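Let's take a walk through a protein together. Keep the structure open beside you and look for each spot as we get to it.

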Amino acid sequence: MGIASPPSKSVEWSVDDDGSPATFDAYVIGKADGPGIVVLQEWWGVDFEIKNHARHIANLEPGFKALIPDLYRGKVGLDAAEAQHLMDGLDWQGAVKDIRASVNWLKANGSQKVGVTGYCMGGALSIASAVLVPEVDAVVAFYGVPSSELADPSSVKAPVQAHFGELDNFVGFSDITAAKALEEKLKASGVPYEVHIYPGNGHAFMNASPEGVERRKKMGLTYPDDAAVNLAWSRFKSWMQKYLCP
């Protein structure tokens with residue numbers, strides 16, 4: 001069985017340029033006044049695995065407050081084709097607005113500093129947030145790089161740590177060539193960064209729950225490597241503690 005889903009709550013924020021309010025569903029879990037971390041979904045949507053990640057993050061020392069904004073507004077892809085359709089239909093600029101609203105909500109509700117993390121599609125958006133959302137204090141991105149049309153990583157303003165699988169075959173998005181190109185752009189930014197590549201691992205290697213393993217198997221992806229997963233979480237914790245904790 002996977003980790004139980006965190007509780008959800010409805011959050012209201014001003015997302016449009018004219019300040020008109022909108023309401024979205026967010027999953028919030030963790031220490032009420034802890035450092036905040038916005039956790040961004042994979043192309044599937046807000047499903048069991050991204051909730052597992054949020055639960056894990058909330059349990060890390062010294063106690064983080066994790067928030068998952070529902071970028072698909074309730075829709076979840078049940079298979080790869082459906083997930084691809086949802087991601088293709090995403091308003092990426094609108095998603096960046098959602099991320100900024102989430103960061104600001106956390107800062108207005110007990111978190112002095114807020115980081116952003118994400119996986120796959122969410123990984124690309126988390127790097128974009130380091131460029132486009134000035135309120136972000138740190139980013140950890142997993143296997144995803146934003147398009148040049150959305151954001152140029154050489155212009156990041158917050159420290160970025162990024163993780164990729166050596167065998168990832170999503171060309172131009174999260175393969176090793178994309179990872180190395182990202183590293184060069186982050187180097188040019190002058191902002192602290194780390195790029196880690198995990199030998200023998202493919203895309204979505206952090207999805208280690210039984211359900212996640214089964215789904216990856218159906219997609220022909222490599223099996224999870226517990227040592228790589230644990231190392232990535234250790235690096236994640238060190239990065240977020242360094243930049244978010246007093």
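**A walk from the inside out**

Let's start with helix α4, which is mostly covered: eleven of its twelve residues are buried. Among the buried ones are Met 121, Leu 125, Ile 127 and Val 131. Keep in mind that this is a predicted model. You can do a quick sanity check on this helix, too. At 1.5 Å a residue, the twelve residues of α4 (residues 121-132) should span 16 Å, and the C-alpha atoms at its ends are indeed 16 Å apart, so the two values agree.

Now hop over to strand β5, which covers residues 114-119. How many of its six residues are buried? Six of the six are, so to speak, tucked away under the 20% cut-off for relative accessible area. In a regular strand the side chains alternate between the two faces of the sheet. Here, Val 114, Val 116 and Gly 118 sit on one side, with Gly 115, Thr 117 and Tyr 119 on the other, and both faces are covered.

Which strands does β5 pair with? One partner is strand β3 (residues 36-40), which runs parallel to β5 and is joined to it by five bridges. If you want to find this pairing on screen, look for Leu 40, which stands opposite Gly 118. Another partner is strand β6 (residues 138-142), again in the parallel sense and over five bridges. Here you can look for Gly 115, whose bridge partner in β6 is Ala 138.

Next comes the greasy part. In soluble globular proteins, nonpolar side chains tend to be buried together. The largest nonpolar core in this model has 82 residues, and those touching the most other members include Val 39, Tyr 119, Leu 125 and Phe 236. Helix α7 (residues 226-244) gives this core its largest share, nine residues. Take Phe 236 and see what is around it: leaving out residues up to four places away in sequence, Phe 236 touches Ile 37, Ile 57, Leu 60, Thr 117, Val 140, Phe 142 and Gln 161.

Tyr 143 is also on the list of core residues that touch the most other members. You'll find Tyr 143 in the loop between β6 and β7. At 0% relative accessibility, Tyr 143 counts as buried. Its backbone has a quirk as well: phi is near 40°, a positive value in a residue other than glycine.

Let's look at another loop, the one between α1 (48-58) and β4 (65-69), where you'll find Pro 62. The peptide bond from Glu 61 to Pro 62 is cis, with omega near 5°. Phe 64 lies in the loop between α1 and β4, too. Is Phe 64 buried or exposed? Phe 64 is buried, because its relative accessible area is 0%. Phe 64 and Gly 36 are 28 residues apart in sequence, yet their C-alpha atoms are 5.8 Å apart in space. Leaving out residues up to four places away in sequence, Phe 64 has contacts that include Ile 29, Pro 35, Ile 37, Met 240 and Leu 244.

Time for some charges. Side chains of opposite charge can pair when their charged atoms come close. The count of salt bridges in this model comes to six. One of them joins the side chains of Arg 73 and Asp 98, at 2.9 Å from N to O. This pair links distant parts of the chain, with Arg 73 in the loop between β4 and α2, Asp 98 in helix α3 (residues 92-108), and the two positions 25 residues apart. Arg 73 is partly exposed, at 46%, whereas Asp 98 counts as buried, at 5%. Arg 73 has a positive phi of about 55° although it is not a glycine.

Lys 107 forms a salt bridge with Asp 137, and their closest N and O atoms are 3.1 Å apart. For a pair within one helix, go to α5, where Glu 184 and Lys 187 lie three residues apart, about one turn. Their side chains meet in a salt bridge at 3.5 Å, N to O.

Finally, find Asp 175, in the loop between β7 (160-165) and α5 (176-189). Asp 175 is buried yet has no salt bridge, and the nearest side chain of opposite charge, Lys 180, is 10 Å away. What does Asp 175 touch, not counting residues up to four places away in sequence? Its contacts there are Asp 168 and Phe 170.

Methods. Residues are numbered from 1 along each chain as its sequence is written. This is a predicted model: local features need pLDDT of at least 70, side-chain atom pairs count only at pLDDT 80 or more; totals for chains, interfaces and linings use all residues. Side-chain values use heavy atoms; hydrogens and water are left out. Helices (H or I, at least four residues) and strands (E, at least two) are DSSP runs, numbered from the N terminus. Buried means under 20% relative accessible area, exposed over 50%, partly exposed in between (1.4 Å probe, protein chains only). Lys and Arg count as positive and Asp and Glu as negative; His and the chain ends are not counted. A salt bridge is a side-chain nitrogen of Lys or Arg within 4 Å of a carboxyl oxygen of Asp or Glu. Contact means heavy atoms within 4.5 Å. The expected span of a helix is 1.5 Å times one less than its number of residues. A nonpolar core is a set of buried Ala, Val, Leu, Ile, Met, Phe, Trp, Tyr and Cys residues joined through side-chain atoms within 4.5 Å. Two strands pair if DSSP finds at least two bridges between them.
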